[in-house]
Amino acid sequence: MKPGSTVDAVRSQRVLCGNDICPAVIIIKDGKIHNILPHADLPLDDSYKVLDVGSKLVMPGVVDCHVHVNEPGRKNWEGYWTATRAAAAGGVTTIADMPLNSIPPTTTMVNLMEKIQAAEGQCFVDTAFWGGVVPGNQGELRPMIKAGIAGFKCFLIHSGVDEFPHVTDDDLHSAMKQLMGTGSVLLFHAEKEVQAIPVTDEDPCEYSTFLRSRPDIMELEAIRTITQLCLQYQVRCHIVHLSSAQPLKLIQEARQAGAPLTVETTHHYLTLSAEHIPPGATQFKCCPPIRGKANREQLWSALKTGQIDMVVSDHSPCTPDLKKLDTGDFTQAWGGISSLQFGLSLFWTTASQKGFSLSDVVRLLCQKPAELCGLDQQKGSLSPGHDADLVIWDPEKEFEVTESRIHHKNKLTPYLGCKLRGEVCSTLLRGNIIYSQGSFSPQPLGKLLVRQCQPQASL
Ligand SMILES: NC(=O)NC(NC(N)=O)C(=O)[O-]
Ligand SMILES: [Zn+2]
Ligand SMILES: [Zn+2]
């Protein structure tokens, strides 16, 4: 069946139900999973439009809750049309769009309305939105919660863009007081300036020079602040893109003490390592930085024990010129890595070698991110009543990341030329085929996951 078609049932020899992989037929009604019938050979009424995928694996669509779409304002970095097509091609059926790199940033109701207008009619997958906490916008937080924002993001260090300033401890206390009792969540870019970054005459094209400028202690001290705030206010807090393994003990102690705290890492911290980043390869630059192999293995162990809750892309693209590949100067290049389309395959390629199961993939890439965004009643698992968001893929199939495959707006990614395991065949959004074998539905069928409302005069 071609992209754009709506199906009434999906039949496969391998449907991932809970911890089991079994033959089944997923019955879809009004875009929702109506029922999951065991045994794939069940006869169905002739009127049913059945997508039979043989022995391809069927699992819930990936929920990537850390994506910088950068529209409005920096559509040349990435936009909804290209980002959500890349998502669909990668089996991602829901994204949550970060409040920065767009201009304006999503820090007020008026700006949220502008973002929603920019996203209307552009999305191939469902799109939720994070608001931003910046100095002085505490009066905007509750109205944005009423508008259906998934939660908020703040930075404890320069964010990379001047229009999204980082917060001070005082700003955090003000924001926490607004968020108390709302059930919302505050996400933190957890790096803090703990020592003046020494100006050195080290070679700026050597990755080690950049890595030394962002030591583990910057994450450790930021996370110390976050755990204290989280315990004090009992507001849900989430640490985005954990790179260092050093704060894991602190996080565990805070959670054991009753902090409603979650933490994510990203595909690049689990796949790449500092030892393999060549001089001048600024496509590998991100903040916090990719650290050494030993650290990476500690992140994998923490994933295995549940100390890290989920894995996301932190898709943070820019235009190629901002990556300074001509000079290879890590200190001047944009920090951000593009990987939205390849997260499922990136994760599975290594996870499958480390004893992770396919149900671990669903927990880490679908269920837990859906919970973070408050979408777990409709997204993230194959349960009756959930949206019929499905990814149909072949976990054993190898493929190479080539430019021609990439649907992101800018084709620069550190994964170019990598051989990955796990090729996505088709992606369904509420029972509609939005992607199949390289082609997309003619119409963008994604919904904006906000409650429509008019901007209120900012207080
Ligand atoms: N402004 C950004 O997009 N920053 C992002 N940049 C990265 N991760 O390098 C981030 O998530 O902090
Ligand atoms: Zn960040
Ligand atoms: Zn980010």
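Pro288 sits in the loop between α8 (267-271) and α9 (293-305). In this predicted model, the bond that joins Cys287 to Pro288 is a cis peptide bond, with omega about -10 degrees. Pro104 offers a second case: the peptide bond from Ile103 to Pro104 is cis, with omega near 5 degrees. Pro104 belongs to the loop between β7 (92-97) and α2 (109-119). Most peptide bonds are trans, so both spots deserve a look while you have the structure open.

The loop between β7 and α2 also holds Asn101. Phi of Asn101 is near 90 degrees, a positive value in a residue other than glycine. Asn70 has a positive phi too, near 70 degrees, and is found in the loop between β6 and α1 (80-89). As for accessibility, Asn70 is buried because its relative accessible area is 0%, and Asn101 counts as buried because its value is 1%. Most residues other than glycine have a negative phi.

**Around ligand 1**

Cys287 and Asn101 meet again here. Fifteen residues surround ligand 1, and those that come nearest are Asn101, His189, Cys287, Asp314 and Ser316. Three backbone contacts to ligand 1 can be set side by side:

| Residue (backbone polar atom) | Atom of ligand 1 | Separation |
|---|---|---|
| Cys287 | oxygen | 2.7 Å |
| Gly335 | nitrogen | 3.0 Å |
| Gly336 | oxygen | 3.5 Å |

**The two zinc ions**

His189 and Asp314 carry the story on to the metals. Which residues hold the zinc ion (ligand 2)? Its protein donors are His189, through ND1, and His241, through NE2, at 2.0 to 2.1 Å. This pair brings together distant parts of the chain, 52 residues apart: His189 is in strand β10 (residues 185-189), while His241 is in the loop between β11 (236-239) and α7 (248-256). Both histidines are buried. Around this ion, 4 donor atoms subtend angles of 55 to 146 degrees, and the arrangement is therefore irregular.

The zinc ion (ligand 3) lies 3.9 Å from the zinc ion (ligand 2). Its coordination comes from His66 (NE2), His68 (NE2) and Asp314 (OD), at 2.0 to 2.2 Å. Along the sequence, these donor residues follow the spacing H-x1-H-x245-D. His66 in strand β6 (residues 62-67) and Asp314 in the loop between β13 (310-312) and α10 (343-351) are 248 residues apart, so this pair also links distant parts of the chain. Both His66 and Asp314 are buried.

Why is the arrangement around the zinc ion (ligand 3) irregular? The 4 donor atoms subtend angles of 83 to 132 degrees. A tetrahedral label would need all angles between 85 and 135 degrees, and the value of 83 degrees falls outside that range, which means the site counts as irregular.

**The nonpolar cores**

The largest nonpolar core has 107 residues, among which Met59 and Phe347 touch the most other members. Helix α6 (residues 216-233) is the element that gives the most to this core, contributing 7 residues. Beyond its neighbours up to four places away in sequence, Met59 touches Leu16, Leu344, Val361, Val362, Cys366, Leu382, Asp389, Leu390, Val391 and Trp393. There is also a second, separate core of 25 residues, including Val63, Val134, Phe155 and Leu449.

**Ser12 and His407**

Is Ser12 buried or exposed? Ser12 is buried, because its relative accessible area is 0%. This serine is placed in strand β1 (residues 9-17). A polar atom of its side chain lies 2.8 Å from the backbone nitrogen of Arg14, and a polar side-chain atom of Ser12 is 2.6 Å from the backbone oxygen of Lys56. Apart from residues up to four places away in sequence, Ser12 touches a group that includes Cys22, Pro23, Ala40, Val53 and Val58.

His407 has a relative accessibility of 22% and so counts as partly exposed. You will find His407 in the loop between β14 (390-400) and β15 (419-429). Leaving aside neighbours within four places in sequence, His407 is in contact with Thr82, Arg85, Ala86, Ala89, Gln341 and Phe440. Met218 is 189 residues from His407 along the chain, and 34 Å separate their C-alpha atoms.

Terms used. Residues numbered from 1 in each chain as written. Chains lettered and ligands numbered in written order. Predicted model: local features only at pLDDT ≥ 70, side-chain atom pairs only at ≥ 80, totals over all residues. Heavy atoms only, no water. Donors = N, O, S within 2.8 Å, 3.2 Å for Na, K, Ca; no water. Tetrahedral: all angles 85-135°; square planar, octahedral: opposite > 155°, others 65-115°. Helix = DSSP H or I, 4+ residues; strand = E, 2+ residues; numbered from the N terminus. Buried < 20%, exposed > 50% of the residue type's maximum accessible area, 1.4 Å probe, protein only. Core = buried A, V, L, I, M, F, W, Y, C linked by side-chain atoms within 4.5 Å. Contact = heavy atoms within 4.5 Å. Near = heavy atom within 4 Å. Polar contact = N/O pair within 3.5 Å; in protein donor to acceptor, adjacent residues only side chain to side chain.
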